Amino acid sequence: QTQLVESGGGSVQAGGSLRLSCTTSRYTIKGRCMAWFRQAPGKEREAVAAIYTGGGGARYADSAKDRFTFYQDNNKNTLYLHMNNLKAEDTAMYYCAAIPWRDVCDSDYWGSPDKYNLWGQGTQVTVSS
């Protein structure tokens, strides 16, 4: 189901920054396991980061650690992913995903796309070197 809306993608040079947004008008984002995935042409969808929006630590793929950070604005019902020091290999379509259950975020399966039942249509990130 496509019920999340992403925005914030664009084209930047290597070393630049972008802020991706994920929101929905149908649910509250609070109290869900929410994640960002990305998919480059010809490659499988891979997990970038996940967070339980009811309070808890975030999970980051090795490729995202120390460069990407979550920010949650409950007033705007929006989850943000701040991406700094972008690299050419970050180029991909980025998707927001969600599931109402915390245990997905706490488990080793947080990076499995099939654990999430809500998805957005994606926002393109292009990083030129």
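**Exercise 1. Strand pairing**

Task: Determine which residue of strand 11 is the bridge partner of Q13, and describe how strand 11 pairs with strands 2 and 9.

Solution. The bridge partner of Q13 in strand 11 is S128; the model considered here is a predicted one. The next step is to look at the strands themselves. Strand 2 covers residues 10-13 and pairs with strand 11 in the parallel sense, over four bridges. Strand 9, residues 92-99, is joined to strand 11 by three bridges, and these two strands run antiparallel. Within strand 11, Q124 stands opposite M93.

**Exercise 2. The two faces of strand 11**

Task: Assign the residues of strand 11 (residues 123-128) to a covered and an uncovered face.

Solution. The covered face consists of T123, V125 and V127. The uncovered face holds Q124, T126 and S128. Two residues of the uncovered face have already appeared in the pairing: S128 as the partner of Q13, and Q124 opposite M93.

**Exercise 3. Aromatic pairs**

Task: State how many aromatic pairs the whole structure contains, and analyse the pair Y60 and F70 and the pair Y71 and Y80.

Solution. A pair of aromatic rings is described by the distance of the centres and the angle of the planes. The search of the whole structure yields five aromatic pairs. One of them is formed by Y60 and F70, with 5.8 Å from centre to centre and 35° between the planes, and this pair is tilted. Y60 belongs to strand 6 (residues 58-60) and F70 to strand 7 (residues 68-73), so the pair ties together parts that are 10 residues apart in sequence. Y60 is partly exposed because its relative accessibility is 22%, whereas F70, at 10%, counts as buried.

Y71 and Y80 also form an aromatic pair, with 5.9 Å between centres and 25° between planes. This pair counts as stacked because planes under 30 degrees apart fall into that class. Y71 has a relative accessible area of 45% and is therefore partly exposed; Y80, at 6% relative accessibility, is buried.

**Exercise 4. An arginine over two rings**

Task: Identify the rings over which the charged end of R45 sits.

Solution. One ring is that of Y95, with the charged end of R45 3.8 Å from its centre. The other ring is that of W119, and here the distance to the centre is 4.9 Å. W119 is also part of an aromatic cluster, together with F37 and Y116.

**Exercise 5. The nonpolar cores**

Task: Describe the largest nonpolar core, the elements that build it, and the second core.

Solution. In soluble globular proteins, nonpolar side chains tend to be buried together. The largest nonpolar core has 26 residues, of which W36, V48, L81, M83 and Y94 touch the most other members. Elements giving two or more residues to this core include strand 4 (33-39), strand 5 (46-52) and strand 8 (78-83). Strand 9 supplies the largest share, four residues. Beyond its neighbours within four places in sequence, V48 has contacts that include W36, L81 and Y94. A second, separate core has 14 residues, among them C33, A47, Y95 and W119.

**Exercise 6. The surroundings of S21**

Task: Establish whether S21 is buried or exposed, and list its contacts.

Solution. S21 lies in strand 3, residues 18-23. Its relative accessibility is 12%, so S21 counts as buried. With neighbours within four places in sequence left aside, S21 is in contact with V5, E6, S7, W36, T78, L79 and Y80.

Definitions and conventions:
Residues are numbered from 1 along each chain as its sequence is written. This is a predicted model: local features need pLDDT of at least 70, side-chain atom pairs count only at pLDDT 80 or more; totals for chains, interfaces and linings use all residues. Side-chain values use heavy atoms; hydrogens and water are left out. Buried means under 20% relative accessible area, exposed over 50%, partly exposed in between (1.4 Å probe, protein chains only). Contact means heavy atoms within 4.5 Å. Rings of Phe, Tyr and Trp (its six-membered ring) pair if their centres lie within 6.5 Å; planes under 30 degrees apart count as stacked, over 60 as edge-to-face and the rest as tilted. A charge sits over a ring if NZ of Lys or CZ of Arg is within 6 Å of the ring centre and within 35 degrees of the ring normal. Two strands pair if DSSP finds at least two bridges between them. A nonpolar core is a set of buried Ala, Val, Leu, Ile, Met, Phe, Trp, Tyr and Cys residues joined through side-chain atoms within 4.5 Å.
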